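Please open the model in your viewer and keep the sequence panel visible. The stops below are given in the order in which to select them.

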Amino acid sequence: MSIRQDRRYGETHEWYMVEDDVVTVGVTEQGQEMLGDVVYADLPDVGQGVSEGAPCATLESVKAASDVLCPVDGEVIEVNPALEDSPELINDDPLDEGWILRIRATGSPAAWMSPDEYEQMLEAAD
């Protein structure tokens, strides 16, 4: 499993990456494995406001539906258009092509786990 050093990780297996004031959000490899085969991504509208700690998207899989929690207050500036026709990208490539949305942050992102802390959490769960 790949845990990238350029991201922060949430307890519910989301990741975020910051470039300037834009925050890209996705799910981790562990998160997509827990979901199973993703069949639908319910994404917010571009321009929609989002709040730190609140759901900002919902992923539906053959097992269940799961909310994606937002790491920052802000405005959705882009959703991954490929997920409309190919939600399975979240399973195939969750860390790159399967990103979910981008947010223009109006505050500081949540202090989610560092890559090392996330790895320790996963090891403790085994």
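Select H13 to begin; this residue sits in the loop that links β1 (8–9) and β2 (14–19). The model is a predicted one. Check the backbone of H13: its phi is near 70 degrees, a positive value in a residue other than glycine. Is H13 buried or exposed? With a relative accessible area of 10%, H13 is buried, because the limit for that class is under 20%.

Go next to D20, in the loop between β2 and β3 (22–27). Phi of D20 is also positive, near 60 degrees, and D20 is a residue other than glycine. The relative accessibility of D20 is 78%, so this residue counts as exposed, the cut-off being over 50%. The two loop stops can be put side by side: H13 is buried, whereas D20 is exposed.

Now move to strand β4, residues 38–42, and pick Y40 within it. Add V39 and V62 to the selection: with Y40 they make up a nonpolar patch on the surface. Together the three residues have about 300 Å² of accessible area. Y40 itself has 41% relative accessibility and counts as partly exposed, because this value falls between the 20% and 50% limits.

The next selection is G74, which belongs to strand β8, residues 74–79. At 9% relative accessibility G74 is under the 20% limit and therefore counts as buried. Which residues are in contact with G74, once its neighbours within four places in sequence are left aside? They are Q48, G49 and V50, together with I103, R104, A105 and T106. For a distance to check in the viewer, draw a line from the C-alpha atom of G74 to that of R102: the separation is 9.7 Å, for two residues that are 28 residues apart along the chain.

For the last stop, select D116, E117, E119, E123 and D126. What do these residues form on the surface? They gather there in a patch of negative charge. Centre the view on D126, one of the patch members, which is found in the segment after α4 (115–125). The relative accessible area of D126 is 83%, which means that D126 is exposed, as the class begins over 50%.

To finish, show both surface patches at once: the nonpolar one of V39, Y40 and V62, and the negative one that includes D126.

Definitions and conventions:
Residues numbered from 1 in each chain as written. Predicted model: local features only at pLDDT ≥ 70, side-chain atom pairs only at ≥ 80, totals over all residues. Heavy atoms only, no water. Helix = DSSP H or I, 4+ residues; strand = E, 2+ residues; numbered from the N terminus. Buried < 20%, exposed > 50% of the residue type's maximum accessible area, 1.4 Å probe, protein only. Contact = heavy atoms within 4.5 Å. Patch = residues over 30% accessible without salt bridge, like charges linked within 9 Å, V, L, I, M, F, W, Y side chains within 5 Å. Areas by Shrake-Rupley, 256 points an atom, 1.4 Å probe, with all protein chains shown as cover. Salt bridge = Lys/Arg side-chain N within 4 Å of Asp/Glu carboxyl O. Lys, Arg positive; Asp, Glu negative; His and termini not counted. Charge placed at Lys NZ, Arg CZ, Asp CG, Glu CD.
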